[in-house]
Amino acid sequence: MSSFIVMQGHTYEIDRDLGIIWIPKTDKGGNTPHSWGRMKEVKKGDQIFHYVKGNIVAISIARGGCIEAVKPSTEDEESGNTDGYLVHLSYHELEKPVHVRDHFDQIAPLLPLKYSPFQPNSDGNQGYLYPCHEELAIKLLELMSELNIYLVSDEQLEFSIEEVKRTEHNTLIPVLAETESEVQTKLRLGQQKFRRDLMPLWNGQCVLCGISLPELLQASHAKPWKDSTNSERIDPYNGVLLCSNHHALYQNGFIAFDGQGRLHISSEISEEDYVTFGIEPKTRIKIYPDNKVYVKWHKRNVFRK
Ligand SMILES: [Zn+2]
């Protein structure tokens with residue numbers, strides 16, 4: 001079960017009424033952009049967030065995997081290739097769309113560096129179908145739930161037009177709840193496996209301070225979950241074992257390790273704080289050869305020099 005974000009624009013209503021998404025196989029130059037080719041990854045049961053003009057307006061569940069199909073007949077007949085990729089979906093439209101810009105402070109930290117659906121200014125990117133990792137999916141589901149599921153107060157229980165309208169939208173509630181629980185489970189199982197496999201590589205203790213109390217230890221990703229592929233997310237070599245404090249320093253880029261395992265400390269941390277934070281400039285940890293690519297990625301992309 002995977003999640004995706006589709007950028008639909010003016011085709012949204014047509015696609016919604018047909019219960020599909022569709023994109024040509026190739027552009028005018030004969031190439032397949034990554035966000036078009038990604039259609040082939042969609043499997044039955046996957047969930048898709050629908051983005052239209054600044055808003056997430058619907059969530060859908062794939063009724064089958066991606067198939068090859070010609071362009072569905074619509075009024076928009078002008079342009080190019082009609083051979084394409086199609087997925088049948090059950091759409092669940094939101095009564096209250098999630099305006100991405102309004103919540104961008106919560107969304108931005110979860111965006112991957114590569115294949116992000118949104119630009120740094122919160123505008124949607126130009127492509128079609130983007131991956132949506134579990135942490136981002138959970139955030140979007142939370143925002144959708146906050147806006148669209150509310151406790152009905154006593155006064156509102158009286159029969160009213162408003163109430164009828166809400167009842168009609170009730171298919172959304174089980175879909176959101178079910179999807180969120182599935183995504184949470186996938187995320188939790190992945191994190192548990194990562195931790196279980198990583199712990200023994202570091203003798204069950206923080207590589208910097210030696211803390212070994214399991215409750216204080218974190219399997220700390222080097223290449224973050226949001227930027228990793230599915231296999232990188234659970235690769236025990238994609239990270240180190242750190243206590244909660246050192247984990248926070250590492251995740252926020254205040255410290256990094258290079259390919260030789262040498263500790264690098266951000267200039268944003270003043271030298272007077274080194275002792276308090278339990279970090280020493282000349283520290284070198286013993287890393288595995290398979291760690292190298294990951295710690296170097298972290299140092300290049302997350303570390304705040
Ligand atoms: Zn530590």
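These legends walk you through close-up views of a predicted model.

**View 1. The zinc ion and its protein donors.** Four residues reach the zinc ion here: C206, C209 and C243 each offer their SG atom, while H246 offers ND1. These donor atoms lie 2.1 to 2.3 Å from the zinc ion. If you trace the donors along the chain, their spacing reads C-x2-C-x33-C-x2-H.

**View 2. The geometry around the zinc ion.** The 4 donor atoms make angles of 95 to 121 degrees, and the site is tetrahedral. For comparison, the ideal angle for four tetrahedral donors is 109.5 degrees.

**View 3. Two zinc donors, C206 and C209, and their exposure.** C206 has 2% relative accessibility, so this cysteine counts as buried, because buried means under 20%. C209 has 39% relative accessibility and therefore counts as partly exposed.

**View 4. Cysteines and disulfides.** A disulfide is a covalent bond between the sulfur atoms of two cysteines. You will find 0 disulfides in this structure. C66, for instance, is in no disulfide, and the nearest cysteine sulfur, that of C132, is 18 Å away.

**View 5. Helix 4 crossing helix 6.** Two packed helices are described by the angle between their axes and the distance between the axes. Here the pair to look for is helix 4, residues 134–148, and helix 6, residues 172–198. Their axes come within 10 Å and cross at roughly 155 degrees. Angles over 145 degrees count as roughly antiparallel, and helix 4 and helix 6 are therefore roughly antiparallel to each other. The crossing of these two helices is left-handed.

Note on methods. Residues are numbered from 1 along each chain as its sequence is written. This is a predicted model: local features need pLDDT of at least 70, side-chain atom pairs count only at pLDDT 80 or more; totals for chains, interfaces and linings use all residues. Side-chain values use heavy atoms; hydrogens and water are left out. Donors are N, O and S atoms within 2.8 Å of the metal (3.2 Å for Na, K and Ca); water is not among the atoms, so sites may look incomplete. Four donors count as tetrahedral if all angles lie between 85 and 135 degrees; four count as square planar and six as octahedral if opposite donors are over 155 degrees apart and all others between 65 and 115; anything else is irregular. Buried means under 20% relative accessible area, exposed over 50%, partly exposed in between (1.4 Å probe, protein chains only). A disulfide is a pair of cysteine sulfur atoms within 2.5 Å. Axes are lines fitted to C-alpha atoms, for helices over the stretch in contact, and angles run from 0 to 180 degrees between N-to-C directions. Helices (H or I, at least four residues) and strands (E, at least two) are DSSP runs, numbered from the N terminus. Angles under 35 degrees count as roughly parallel, over 145 as roughly antiparallel, 65 to 115 as roughly perpendicular and the rest as oblique. A crossing is left-handed if the near helix is turned anticlockwise from the far one by less than a right angle, and right-handed if clockwise.
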